[in-house]
Amino acid sequence: RSVLNEDMYVGANQDNLGRNLGIGSRFISENGRYEQQLILSWNRNRRVENGGLQTDSLFYGPLNGDITAFQQRTFGFYYPNLTEASSFTSKTHHQLKHRYFIDTQKSWSVYHIWNFHNDRRTYSDESMNRDFYTLPLLFDTTETRDSISFKYGSQEVGIEHNTNNLHFGLGLDFQYGGFRYQNDTQIQRDLAFHSTGVNANLILFNTIMDWTQINYSRYFGGYLDKNQKLSFTSRNKLSDSFDLQIGLDHQKSSPTIFQNYFLSNFYDFKGNLNEGHTIISNQLNASIHYKNGRLKLSSSISIGNRNGEIGFIQQASPSIIGNYRFVEGNVNARLKGQHWMFVSSLAFHKNNASEVTNLGIPVLYPRLGLSYQNDAFQKALSYRLGIDLSYTSSYANWEYRPEMGQFILHNDRALLGNYPLFDAYLSGRIQTVDFFLKFEHLNEWWLIPGMNYRYESSLAYPIQPFRFRFGFSWKFWN
């Protein structure tokens, strides 16, 4: 897949090219005792970085007082902060899973799981706007050519036992990671890390739909020393139309390699966090699913607390967030007729963190959708016409810093959110070809009473304007 998002605003200087490639295979031997699954994925993104708007008043147009009636938007000019900056992001993820059944009854097996990640990012700017970047610079003062690489992965080997009522797995996990920073042609930091742990997994089955699962993992030595995770999940099918799932999670983890050791021409995170810092999370989860004919309902809720979480609060360096409690969840409904379908959802999140209101997370995100589905051309074409309406409640301001590819959360800037989006689309299938046509942000031209007139996803970065998108997917079968 290759997607080019060109400048949607005149003078924005923000082209974005994304390319994705995925290859997968599954193999089972003739006697059924050896199974293998291989997934290879490559994701690339080239982006012209504009640093956001210099001043939003010139872009969103004048606004006199509160909006008391619908008004047509007055558009202004887009003046970016940066004119010669660009970034390239590459995310590679490869997975190999295979196992061999020791006995013909397939009750005992040995397995091996390999995971590999390679996240690379380059950032260059030949003009170096001193009003935009944090000073002083660490290496180059006239231009920057940063190249950053994070490599991490795991090798797990273990044994599994399966019966009609039980699954048990025990594995030894070898984790590795590394960070390298290079400015132009000189490597300034090159680090490698290792850690070893054990994973245990137990599932008890009453039926295929009723089960209880317990997972435990623990690491020893290295950069994941004393990290552990314990989870308990139970699913119960109470009737043909109703099921309930509950879970309890406890996790103790370390800051990421990025948070501990990131280095660039602009920032050095090493030493900002205390050595051996631990993040602790406890969470209780519950979800229900109900289905009756054409109606489907589902809901989930999570209640818990986190202590020691890492964030970027008011500054471009990691800091520790104090202990806070949270509740989050969602409610979903779908009513499907012969041709018409109505969908709705509501996601919510609330926490009592003291650093920034709700940690910059919208409290509410509702969505409504209505669509019509039918066949045409003697059923050669299956199509769907639909509309979507979504709304994001107000949230604290996020500032995107392109030189490190991260967001900084502010509690002293204008609130974002409190803005709706209205889309319309056509999607369909012709044999093995899926396609879509979509008109997005149809309400861009209007100022709506009670709503934010600044449509930003983060500070100085307006969301995409009204635009038309299309795409297709062609499946090849052998």
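# Close-up views

**A. Arg294 counts as exposed, at 52% relative accessibility.** For this and later labels, buried means under 20% relative accessible area, exposed over 50%, and partly exposed in between, with a 1.4 Å probe and protein chains only. This is a predicted model: local features need pLDDT of at least 70, side-chain atom pairs count only at pLDDT 80 or more, and totals for chains, interfaces and linings use all residues. Residues are numbered from 1 along each chain as its sequence is written, and side-chain values use heavy atoms, leaving out hydrogens and water. Arg294 sits in the loop between β13 (279-292) and β14 (295-307); strands (E, at least two residues) and helices (H or I, at least four) are DSSP runs numbered from the N terminus. Together with Lys291, Lys296 and Lys336, Arg294 makes up a patch of positive charge on the surface. Such patches take residues with over 30% relative accessible area and no salt bridge, joining like charges within 9 Å. Lys and Arg count as positive and Asp and Glu as negative, with His and chain ends not counted; each charge is placed at NZ of Lys, CZ of Arg, CG of Asp or CD of Glu.

**B. Nine nonpolar side chains share a patch on the surface: Ile214, Tyr216, Leu230, Phe232, Ile246, Leu248, Leu284, Ile301 and Ile303.** Together they have about 760 Å² of accessible area, worked out by the Shrake-Rupley method with a 1.4 Å probe, where only the protein chains shown count as cover for residues. Here the joining distance is within 5 Å, for Val, Leu, Ile, Met, Phe, Trp and Tyr side chains. At least two patch residues come from each of β10 (211-220), β11 (228-237), β12 (242-253) and β14. Tyr216 belongs to β10 and is partly exposed, with a relative accessible area of 35%.

**C. Arg189 and Asp268 meet through their side chains in a salt bridge, 3.0 Å from N to O.** Arg189 lies in strand β9 (residues 186-205) and Asp268 in the loop between α2 (257-261) and β13, so the pair ties together parts that are 79 residues apart in sequence. Arg189 is the buried partner at 12% relative accessible area, while Asp268 is partly exposed at 34%. To count as a salt bridge, a side-chain nitrogen of Lys or Arg must be within 4 Å of a carboxyl oxygen of Asp or Glu. By that rule, a search of the whole structure turns up 19.

**D. Two further salt bridges link Asp243 with Arg235 and Asp388 with Arg367.** In the pair of Asp243 and Arg235, N to O is 3.5 Å, and both residues are buried. For Asp388 and Arg367, the closest N and O atoms are 3.0 Å apart. Asp388 is in strand β20 (residues 381-392) and Arg367 in strand β19 (residues 364-376), so this pair ties together parts that are 21 residues apart in sequence. Asp388 is buried, with a relative accessible area of 12%, whereas Arg367 is partly exposed at 28%. Elsewhere, salt bridges with shared partners pull Asp423, Lys438, Glu440, Arg467 and Arg469 into one network.

**E. Strand β24 (residues 433-440) pairs antiparallel with β23 (residues 419-430) and with β28 (residues 467-474).** Strands pair if DSSP finds at least two bridges between them. Seven bridges join β23 to β24, and eight join β24 to β28. Follow Phe435 of β24: Gly428 is bridged to Phe435, and Phe435 has Phe472 of β28 as a bridge partner. The hairpin of β23 and β24 has two residues between the strands, and Gln431 takes a positive phi near 55° there.

**F. Asn13 and Phe377 each have a positive phi of about 55° without being glycines.** Asn13 sits in the loop between β1 (2-5) and β2 (16-28), and counts as partly exposed at 23% relative accessibility. Phe377 sits in the loop between β19 and β20, and counts as exposed at 66%.

**G. Gly311 is part of strand β15 (residues 310-311).** It's a buried glycine, with a relative accessible area of 11%. From the C-alpha of Gly311 to that of Ser382, 71 residues apart along the chain, the separation is 46 Å.
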